[in-house]
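Visitor: I would like to learn how to read a fold with the structure open in front of me. Could we go through it feature by feature, with the general idea before each case?

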Amino acid sequence: MSFDQIRTEDKQRALGELREVKELFASRGWFPGTSGNLSVRVGDYSPQQFQFAITASGKDKTVHTPEDYLFVDQTGKACEATSLKPSAETLIHCEIYRLTGAGAIFHIHSVFNNVISEQFWDRKSVPVDGVELIKGFNIWEEEKHIDIPIVSNFAHIPSIVPEITERIDREIPGILLRKHGIYAWGANAFEAKRHLEAFEFIFEYVYRLELLKRGV
């Protein structure tokens with residue numbers, strides 16, 4: 001399906017969902033210094049061809065403007081004539097969509113996800129044991145152990161992509177970039193939001209539990 005074949009109402013729905021999520025996450029302080037990026041896929045999907053709406057680069061996400069979003073294809077190139085530039089991390093969105101077929105991807109920066117990524121960097125994953133919020137990932141086994149993958153963070157974004165390709169876990173709808181932030185995805189915007197909120201709760205829980213273990 002070409003971009004021109006995607007219904008106008010589907011494009012408007014994607015933009016509306018991005019606006020709502022951006023406003024909510026901004027109210028929680030999850031976009032410090034214009035950081036973070038959000039995307040929602042539109043139209044039909046195949047791993048070789050898809051399109052999505054994504055936040056524009058360098059915009060203040062605490063306000064709404066007509067220049068907040070643009071549509072790009074599976075290579076990260078704009079689908080329409082525009083002076084806007086997609087997020088610098090668009091290639092990461094492209095790879096996650098290609099691998100998962102997700103409907104939305106949300107990426108935010110928080111103190112807890114940054115600290116926890118460094119704390120467990122040596123093992124390349126965050127260990128989580130029996131936390132109730134893993135049900136948010138549709139994991140229902142009691143006292144289940146999961147590992148949330150952590151990958152390297154490079155200024156050169158294409159260098160990050162191969163590690164994401166290698167480390168994505170089909171059971172875990174997210175991946176953590178070291179000293180950077182969490183990428184969470186889902187079948188739609190609602191599910192991606194639920195997953196991201198669950199990750200953030202888990203990161204704070206694990207951090208605080210580690211402090212208790214150390215008697216801090």
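Visitor: Let me begin with the sheet: how many strands does the open sheet have, and what is their order?

Guide: To read a sheet, one follows the pairing from strand to strand across it. In this predicted model, the open sheet consists of 8 strands in the order β3-β2-β1-β4-β8-β7-β6-β5, and the pairing is mixed. The edge strands, each of which pairs on one side only, are β3 (69-73) and β5. Averaged over the sheet and ignoring direction, neighbouring strands are turned by 20° against each other.

Visitor: Which sense does the pairing of β5 with β6 have, and over how many bridges does it run?

Guide: The sense of a pair is read from the directions of its two strands. Strand β5 (residues 125-129) pairs with β6 in the antiparallel sense, over 5 bridges, and one position to look at is Ser-125, whose bridge partner in β6 is Pro-149. The pairing of β6 with strand β7 (residues 174-177), by contrast, is parallel and comprises 2 bridges; here Ile-150 stands opposite Leu-176 of β7.

Visitor: Is strand β6 largely enclosed by the rest of the structure or not, and why?

Guide: As general background, the side chains of a regular strand alternate between the two faces of the sheet. For strand β6 (residues 145-151), 5 of the 7 residues are buried, so this strand is largely enclosed by the rest of the structure.

Visitor: Which strands do the helices α3 and α5 touch or lie across?

Guide: For a helix on a sheet, one lists the strands and then looks at the direction of the helix. Helix α3 lies across β4 (104-108), β5, β6, β7 and β8 (181-186), and it runs at about 75° to β7. Helix α5 packs on the sheet as well, touching β1 (37-46), β4, β5, β6, β7 and β8, while its direction makes about 145° with that of β8.

Visitor: At what angle do α3 and α5 pack, and how far apart are their axes?

Guide: A helix pair is described by its angle, its axis separation and its handedness. Helix α3 (residues 111-119) and helix α5 (residues 189-213) pack at about 55°, their axes being 9 Å apart, which makes α3 oblique to α5. Their crossing is left-handed. On the α3 side the contact is made by Phe-112, Asn-113, Val-115, Ile-116 and Gln-119, and the residues contributed by α5 include Phe-203, Val-206 and Tyr-207. Sorted by class, this contact of α3 with α5 has 6 nonpolar, 2 polar and 4 charged residues.

Visitor: And what is the angle between α1 and α5?

Guide: The reading proceeds by the same steps. Helix α1 (residues 8-27) packs with α5 at an angle of about 20°, with the axes 11 Å apart, and α1 and α5 are therefore roughly parallel to each other. The crossing of α1 and α5 is right-handed. Glu-17, Leu-24 and Phe-25 of α1 meet Ala-189, Lys-193, Leu-196 and Glu-197 of α5, a contact whose residues divide into 4 nonpolar, no polar and 3 charged.

Visitor: Where does Asp-60 lie?

Guide: For a loop residue, one locates the flanking elements and then considers accessibility. Asp-60 lies in the loop between β2 (49-55) and β3, and with a relative accessible area of 39% this residue is partly exposed. Between the C-alpha atoms of Asp-60 and Phe-120, which are 60 residues apart along the chain, the separation is 31 Å.

Terms used. Residues are numbered from 1 along each chain as its sequence is written. This is a predicted model: local features need pLDDT of at least 70, side-chain atom pairs count only at pLDDT 80 or more; totals for chains, interfaces and linings use all residues. Side-chain values use heavy atoms; hydrogens and water are left out. Axes are lines fitted to C-alpha atoms, for helices over the stretch in contact, and angles run from 0 to 180 degrees between N-to-C directions. Helices (H or I, at least four residues) and strands (E, at least two) are DSSP runs, numbered from the N terminus. Angles under 35 degrees count as roughly parallel, over 145 as roughly antiparallel, 65 to 115 as roughly perpendicular and the rest as oblique. A crossing is left-handed if the near helix is turned anticlockwise from the far one by less than a right angle, and right-handed if clockwise. Contact means heavy atoms within 4.5 Å. Ala, Val, Leu, Ile, Met, Phe, Trp, Tyr, Cys and Pro count as nonpolar, Asp, Glu, Lys and Arg as charged, and the others, Gly among them, as polar. Buried means under 20% relative accessible area, exposed over 50%, partly exposed in between (1.4 Å probe, protein chains only). Two strands pair if DSSP finds at least two bridges between them.
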